[in-house]
Amino acid sequence: MNFRLVAAALFALSLPACAFAQSPDLAAIARSSGTPDIPGLKMVWLAPWGDFAKAHPWRNIIVHQTEGPAGSARGGALAQSKNPTRRGVMVWVETDGTVYWAVGEHLVPMHGDGANRNDNKYIDNGPTYRQVVGSNSIGVEFAGNFPDVTRGPTDAQIAAWRILVKVLRARYGIPLDRVYAHNWIDFKDARYCEGCALARMAREWGE
């Protein structure tokens with residue numbers, strides 16, 4: 001008798017069934033409706049997903065950072081949900097990694113400054129100038145760089161972003177090279193590069 005095989009079999013039988021369960025298909029979740037549970041994300045649904053076919057035709061993702069203290073993402077998201085087309089974004093990320101989906105995906109919040117950057121400082125602005133704008137771009141706002149605007153995102157925000165950006169790209173069919181930092185496409189605060197680290201991470205992480 002091969003005692004090693006027997007021992008391995010007994011060990012396998014002793015494992016809980018969940019050990020053999022495959023992780024959910026993120027792409028399938030991304031095309032669902034309602035308020036799905038997304039593994040690895042703490043999502044607060046202020047506006048549920050609707051029928052994917054009726055969503056606005058989003059083509060880009062713009063990463064923003066707000067000079068709000070910890071806790072300000074919740075307030076911003078609640079205000080946005082009450083007035084969806086005000087200046088702001090669809091998705092807000094708190095310093096603890098909590099993601100607030102604030103606006104129905106068929107509505108268009110006001111964000112961005114018209115893609116006015118044309119100096120090629122960070123990327124080639126030929127494809128972005130006056131083209132990557134709020135009406136065709138999902139805005140994601142990361143809170144917490146107050147009072148030091150140069151403070152980077154928290155580890156929890158980075159962990160949430162690693163999953164969130166894949167969900168957004170999968171749901172709306174957005175390629176990696178259409179994930180932009182706000183500072184890449186608009187002339188912003190000269191004290192720091194708004195959204196640059198997070199946008200660069202997303203592109204480096206790849207598919």
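This is a tour of one predicted protein model, stop by stop, with what to select at each.

**Before you start.** Residues are numbered from 1 along each chain as its sequence is written. Because the model is predicted, local features need pLDDT of at least 70 and side-chain atom pairs count only at pLDDT 80 or more, while totals for chains, interfaces and linings use all residues, and side-chain values use heavy atoms, with hydrogens and water left out.

**Stop 1: the whole chain.** Show the protein chain as a cartoon. It has 6 helices and 6 strands, in the sequence order α-α-β-β-α-β-β-β-α-β-α-α. Helices (H or I, at least four residues) and strands (E, at least two) are DSSP runs, numbered from the N terminus. Of the 207 residues, 44% are buried; buried means under 20% relative accessible area, exposed over 50%, and partly exposed in between, with a 1.4 Å probe and protein chains only. Among contacts between residues at least 6 apart in sequence, 68% join residues at least 24 apart, where a contact means heavy atoms within 4.5 Å.

**Stop 2: the core.** Select W101, V140, W161, L164 and Y172. These residues have the most contacts inside the largest nonpolar core, which has 49 residues. A nonpolar core is a set of buried Ala, Val, Leu, Ile, Met, Phe, Trp, Tyr and Cys residues joined through side-chain atoms within 4.5 Å.

**Stop 3: helix α4.** Select residues 155-172. Helix α4 gives the most to the largest nonpolar core, with 8 residues. From first C-alpha to last, α4 reaches 26 Å with its 18 residues, close to the 26 Å expected at 1.5 Å a residue; the expected span is 1.5 Å times one less than the number of residues. Look at W161, where α4 bends by about 25 degrees. The bend is the angle between axes fitted to the seven residues ending at a residue and the seven starting there. Just after α4 comes G173, with a positive phi near 65 degrees.

**Stop 4: the end of α4.** Select R171 and Y172. Is R171 buried or exposed? R171 is buried, with a relative accessible area of 0%. Leaving aside neighbours within four places in sequence, R171 is in contact with A30, R31, S32, W49, G50, F52 and E105. On the same terms, the contacts of Y172 include W58, M90, W101 and I138.

**Stop 5: strand β5.** Select residues 137-143. Strand β5 is largely enclosed by the rest of the structure, because 7 of its 7 residues are buried. S137, G139, E141 and A143 point one way, and I138, V140 and F142 the other.

Now add residues 60-66, strand β2. It runs parallel to β5, joined by 7 bridges, and T66 stands opposite A143. Two strands pair if DSSP finds at least two bridges between them. Then add strand β3, residues 91-93, which pairs with β5 in the parallel sense over 3 bridges. The bridge partner of V93 in β5 is F142.

**Stop 6: backbone details.** Most residues other than glycine have a negative phi, and most peptide bonds are trans. Select F146 and P147: the peptide bond between them is cis, with omega near 5 degrees. P147 sits in the loop between β5 and α4. Next select A115, which has a positive phi of about 55 degrees and is buried, with a relative accessible area of 0%. Last, select R130, whose phi is near 60 degrees, also a positive value. R130 is in the loop between β4 and β5, and A115 is found in the loop between β4 and β5 too.
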